[in-house]
Amino acid sequence: MKSLGEAIKAGRLKKNMTQQELAEGICTQATISNIEKAGKIPAITLLLAIADRLDIDIDELYYLMGENTTKNGKIIKKVKVLCSQSNHKEAAALLKEINEAELETINEKKEYYYYKGITSLVAFHNFSDALFYFNLSNDTQGEGYISIYDVLGLSGVSIAYSMNDEDEKALVYTERTLNILDEFVAEGYEKSDTNDIVRTYFNSAKIYSKMKNYEKAVSLSSMGIALQQLDDSMNGLEYLMYEKAYNLQQLEQVAEAEKFYFYAAAIAMMNKNNEVIETVKSDMKLYNVSHFMY
């Protein structure tokens, strides 16, 4: 059965259009390539625009979009949710249900290796396995475009080195991560990638903070906050608010730190994130931060 990417490519070739011509005014050429070659599922608004330009019945593409989700794809989606909830051990157990030999697309392989790496690192503190899988993800070559897993794979290496207290190596990979993240964002990204982009800003900010580069940490936290506010999302926003508060405190910008500690605690309460609430309480006691008056 034809996949979504194959259907779009066939429709494009039928009209004798290049990827650039199809993308014009809709998205980037790299996004079209990503859809056709890596099985990327586009946002609904983007799919509607592509179907309209190619004169393809949108119902046909909706059907293929559902068919495009393989058994492995469904498992990876569950793994992604579990990791976002910090249930990395459960995610690691679920990954064992995937048969690596059945992974078909480049993106599937990069996703799988990334999540094998992050679960090895966070759930089991297995530095060696984490680096092994992150490097497999990074070494899986794409078709000339950047995917979110190119960003996350490099970020994973920087996190692993940081957790192993190899901070200079962590910094090298953090800088590489931010460079490729800039390219990824500039090419245009799907709304579904927002949380991964924000998480990358947060993890990078933590590494700069550990290196006592508090100004850079504040800047990266602000970028992540701005992106989530633009996306109208509260998911994980408490972490960025806390990270910004902590680094403002280190810069002795007490009044600003006070405000962001308040924001972090308030959002954490809304998101039922007790970990951040307790961390904020601990910091405010440690640094003698006054409660924010509003």
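Select Lys-212 to begin: this residue is exposed, with a relative accessible area of 60%. The model on screen is a predicted one. Lys-212 sits in the loop between H12 and H13. Check its backbone: phi is near 65°, a positive value in a residue other than glycine. Most residues other than glycine have a negative phi.

Go next to Asp-165, in the loop between H10 and helix H11 (167-187). Its phi is also positive, near 60°, and Asp-165 is not a glycine. Is Asp-165 buried or exposed? It counts as exposed because its relative accessibility is 59%, and the cut-off for exposed is over 50%.

Now pick Met-163, which lies in helix H10. With a relative accessible area of 42%, Met-163 is partly exposed. Show its contacts and leave out neighbours within four places in sequence: Leu-121 and His-125 remain. For a distance, join the C-alpha atoms of Met-163 and Val-122; they are separated by 9.5 Å, although the two residues are 41 apart along the chain.

From there, turn to the interior. The largest nonpolar core has 67 residues, and Val-79, Tyr-115, Phe-134, Tyr-261 and Val-280 touch the most other members. Which helix gives the largest share of this core? H10 does, with nine residues. Select Tyr-115 and display what surrounds it. Beyond four places in sequence, Tyr-115 is in contact with Ile-76, Val-79, Lys-80, Cys-83, Leu-95 and Tyr-149. A second core, separate from this one, has 17 residues, including Met-17, Leu-47, Ile-50 and Leu-54.

Tyr-261, named above, leads to helix H15, where it is one of the buried residues. Select residues 254-270 to show the whole helix. The 17 residues of H15 should span 24 Å at 1.5 Å a residue, and the end C-alpha atoms are 24 Å apart, so the two values agree. Colour the buried positions: Ala-257, Glu-258, Phe-260, Tyr-261, Ala-264, Ala-265, Ile-267 and Ala-268. An α-helix has 3.6 residues a turn, so residues three or four places apart point the same way. The buried residues of H15 pack against helix H13 (214-230), H14 and H16. After the helix comes Lys-272, with a positive phi near 55°.

Next, show the pockets. The largest one holds about 1300 Å³ of space. It is lined by 40 residues, and those closest to its centre are Ser-86, Arg-199, Phe-202, Asn-203 and Tyr-239. Two or more lining residues come from each of helix H6 (71-84), helix H8 (106-124), helix H10 (148-163), helix H12 (194-210), helix H14 (237-250) and helix H16 (274-286). Which of them gives the largest share? H12 does, with nine residues. Colour the lining by residue type to see 15 nonpolar, 15 polar and ten charged residues.

Finish on Phe-202, in helix H12. Its relative accessibility is 15%, so Phe-202 counts as buried; the limit for buried is under 20%. Not counting residues up to four places away in sequence, Phe-202 touches Tyr-239, Leu-240 and Glu-243. Of these, Tyr-239 is also among the residues closest to the centre of the largest pocket. As a last distance, take Phe-202 to Ser-137: C-alpha to C-alpha they are 21 Å apart, with their positions 65 residues apart in sequence.

Definitions and conventions
Residues are numbered from 1 along each chain as its sequence is written. This is a predicted model: local features need pLDDT of at least 70, side-chain atom pairs count only at pLDDT 80 or more; totals for chains, interfaces and linings use all residues. Side-chain values use heavy atoms; hydrogens and water are left out. On a 1 Å grid over the protein atoms alone, a cavity is a set of points where a 1.4 Å probe fits but cannot get out, and a pocket is an open set with protein on both sides within 12 Å along at least five of seven lines; lining residues have an atom within 4 Å of a point. Grid points are joined across faces, edges and corners, and a volume is the space filled by probe spheres set on the points. Helices (H or I, at least four residues) and strands (E, at least two) are DSSP runs, numbered from the N terminus. Ala, Val, Leu, Ile, Met, Phe, Trp, Tyr, Cys and Pro count as nonpolar, Asp, Glu, Lys and Arg as charged, and the others, Gly among them, as polar. A nonpolar core is a set of buried Ala, Val, Leu, Ile, Met, Phe, Trp, Tyr and Cys residues joined through side-chain atoms within 4.5 Å. Buried means under 20% relative accessible area, exposed over 50%, partly exposed in between (1.4 Å probe, protein chains only). Contact means heavy atoms within 4.5 Å. The expected span of a helix is 1.5 Å times one less than its number of residues.
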